[in-house]
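Hello,

Here is the structure I promised to pass on to you. Please have a look, and then read on for what turned up in it.

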Amino acid sequence: MTRPNVVLICADEWRGDCLSAAGHPHLQTPHLDELAAAGTRFDHAYSATPTCVPARVALFTGQSQERHGRVGYQEGIPFEVAHPVTLAGEFRKAGYQTQAVGKMHVYPERSRAGFDDVILHDGFLHFARREHKLNFRFFDDYVPWLRRQPGVGPDEEYFDHGVNCNSTVARPWDKAERLHPTSWAGTQAIDWLYRRDPTRPFFLYLSFHRPHPPYDPPAWAFEQYLDLPAFRRRLGNWEHHYDRVRTDGLHQAAFGTLSEAVTHRARAGYYGLMAHVDLQIMRLREALTGFGLADNTVIAFTSDHGEMMGDHDFYRKAVGYEGSARIPFIVAAAPSDGGALRGAVADQVVELRDVMPTLLELAGLPVPPECDGKSLVPALRGENGLPVRRWLHGEHVYFGQSLQWVTDGHVKYLWASGWGTEELFDLDADPEELENLAADPTHAHLLELWKSRLVQDLTGREEGFVSDGRLVTGRAVVPILTHTRLRLEAAR
């Protein structure tokens, strides 16, 4: 039997509710909806460590943060030393041609993480190499390409329009649409299809930097979402837990109020970037059809994390709330795979670590023992059985402490290690996480159940989060790397 080709598409900072197939009230994603109709959409997919670096470690290694050790955002960690077994490497060992296009966010920037080759664009503020700062010619492929295009000067930059990569400021792209990094990534992936080795199956990783800021979609995409109903703040009964880190009025704030007009434009830019990515996914699928590859190609789509976009006065990511931690995840088995479901929606809670074992099994390849994610192939085939997991544990070092959470997609419990604050949400009744039930005596049993699950996950951790079976408050400053640093020290 011919092994299938595999395409993994990863967007950056795409919220889990931002699919029209998932019922979003404003955003239209027709081509991702078509992909969902061709496979299975996982409605409770999460990023357990929801920022770029640790999330991509989970995606590339198939490991939980308990195993890969990256429990926060930290640049400059040699990827291939810390994480020698990778998704691309396993495909490569099995004879696949492996290619990455777009964002990798590993260190050093040109590390291949198991791929045969990487066509790289990480985004313009990547500070792993502090001495290079914004000088793309040291590692990036997009900006040198941009400067070679007709009508573009040799000194033009990606940052000419002045919009920062963590800002809520939004404006249309200032150059021709074909020069936008989203269009560039789609074009590079299609061009690679012409150059691939036709005698071997391939694994293609297409990684869009957007809809991560800067919020700079093409004008048509920006304008179509400017006429949405005005943005209105949504606040629950618990945001005061974060008042000590509030910074109101700053366009790069993680937590604070901004004018509703600013957030309205940011939302239009964010949705516009998604519309642009959606069209590039259509381009790629049409190209696969044109090459006669579509019938034997698996396609998966996901994101490294979400974006709070003003929910509860949060922006950006790194927190365990739905806007930040919940992500889209669609897997469409090859059309030639007669046993796969089409148009299905799976209820079980899944995570980025599950991508690697799922894609390997769909290709008929073994899952390495280093991988502790779970294959979702039984769900793709509609096989009844035990869920992948009863609940998911997530965490991230942020605001000088560890923000911890556990969920099954229906209930969520969150705990801040330094402050000791708690939130408990009934996600079925309260999907916007407005009502904190932690102090409600009628939910005391539910609180203790979910707190005990977090205690179970944290027992034995080197940070000392648990003592005598209880959570220990006051663990404010914690390492961003846990046991990963031991592996790095051993390699020195």
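Is arginine 147 buried, partly exposed or exposed? Arginine 147 has a relative accessible area of 27%, and this value lies between the 20% below which a residue is buried and the 50% above which it is exposed, so arginine 147 is partly exposed. Please keep in mind that this is a predicted model.

To stay with that residue for a moment: arginine 147 belongs to helix H6. Leaving aside residues up to four places away in sequence, arginine 147 touches Val152, Gly153, Pro154, Asp155, Glu156 and Glu157. Leucine 288, in contrast, is 141 residues from arginine 147 in sequence and 29 Å from it in space, C-alpha to C-alpha.

Now to the interior. The largest nonpolar core holds 53 residues, and Ile9, Trp14, Leu284 and Phe301 have the most contacts inside it. Several elements each supply at least two residues of this core, including strand E1 (5-12), helix H1 (30-37), helix H7 (181-195) and strand E5 (202-211). H9 gives the largest share, 12 residues. If you would like one residue to start from, try phenylalanine 301: not counting residues up to four places away in sequence, it touches Ile9, Ala11, Trp14, Leu32, Leu35, Ile281, Pro328, Phe329 and Ile330. Another core, of 48 residues, lies apart from the largest one, and Ala340, Ala363, Leu376 and Ala379 are among its members.

The aromatic rings are worth a look too. A search of the whole structure gives 31 aromatic pairs. In one of them, phenylalanine 60 and phenylalanine 115 meet edge-to-face, with 6.4 Å from centre to centre and 75° between the planes. This pair links distant parts of the chain, 55 residues apart: phenylalanine 60 is in helix H2 (residues 52-61), while phenylalanine 115 is in the loop between strand E3 (97-102) and strand E4 (117-120). Both phenylalanine 60 and phenylalanine 115 are buried.

Tyrosine 225 and tyrosine 271 also pair: their ring centres are 5.5 Å apart and their planes stand at 75°, so this pair is edge-to-face. Both of these tyrosines, 225 and 271, are buried. Elsewhere, ring pairs join Trp238, Tyr242, Phe255, Phe314, Tyr321, Tyr398, Phe399, Trp419 and Phe425 into a cluster.

Finally, two charged residues sit over rings. The charged end of lysine 175 is 5.3 Å from the ring centre of tryptophan 173, and arginine 453 lies over the face of tryptophan 450, at 4.5 Å from the ring centre.

Enjoy exploring, and best wishes

Conventions
Residues are numbered from 1 along each chain as its sequence is written. This is a predicted model: local features need pLDDT of at least 70, side-chain atom pairs count only at pLDDT 80 or more; totals for chains, interfaces and linings use all residues. Side-chain values use heavy atoms; hydrogens and water are left out. Rings of Phe, Tyr and Trp (its six-membered ring) pair if their centres lie within 6.5 Å; planes under 30 degrees apart count as stacked, over 60 as edge-to-face and the rest as tilted. Helices (H or I, at least four residues) and strands (E, at least two) are DSSP runs, numbered from the N terminus. Buried means under 20% relative accessible area, exposed over 50%, partly exposed in between (1.4 Å probe, protein chains only). A charge sits over a ring if NZ of Lys or CZ of Arg is within 6 Å of the ring centre and within 35 degrees of the ring normal. A nonpolar core is a set of buried Ala, Val, Leu, Ile, Met, Phe, Trp, Tyr and Cys residues joined through side-chain atoms within 4.5 Å. Contact means heavy atoms within 4.5 Å.
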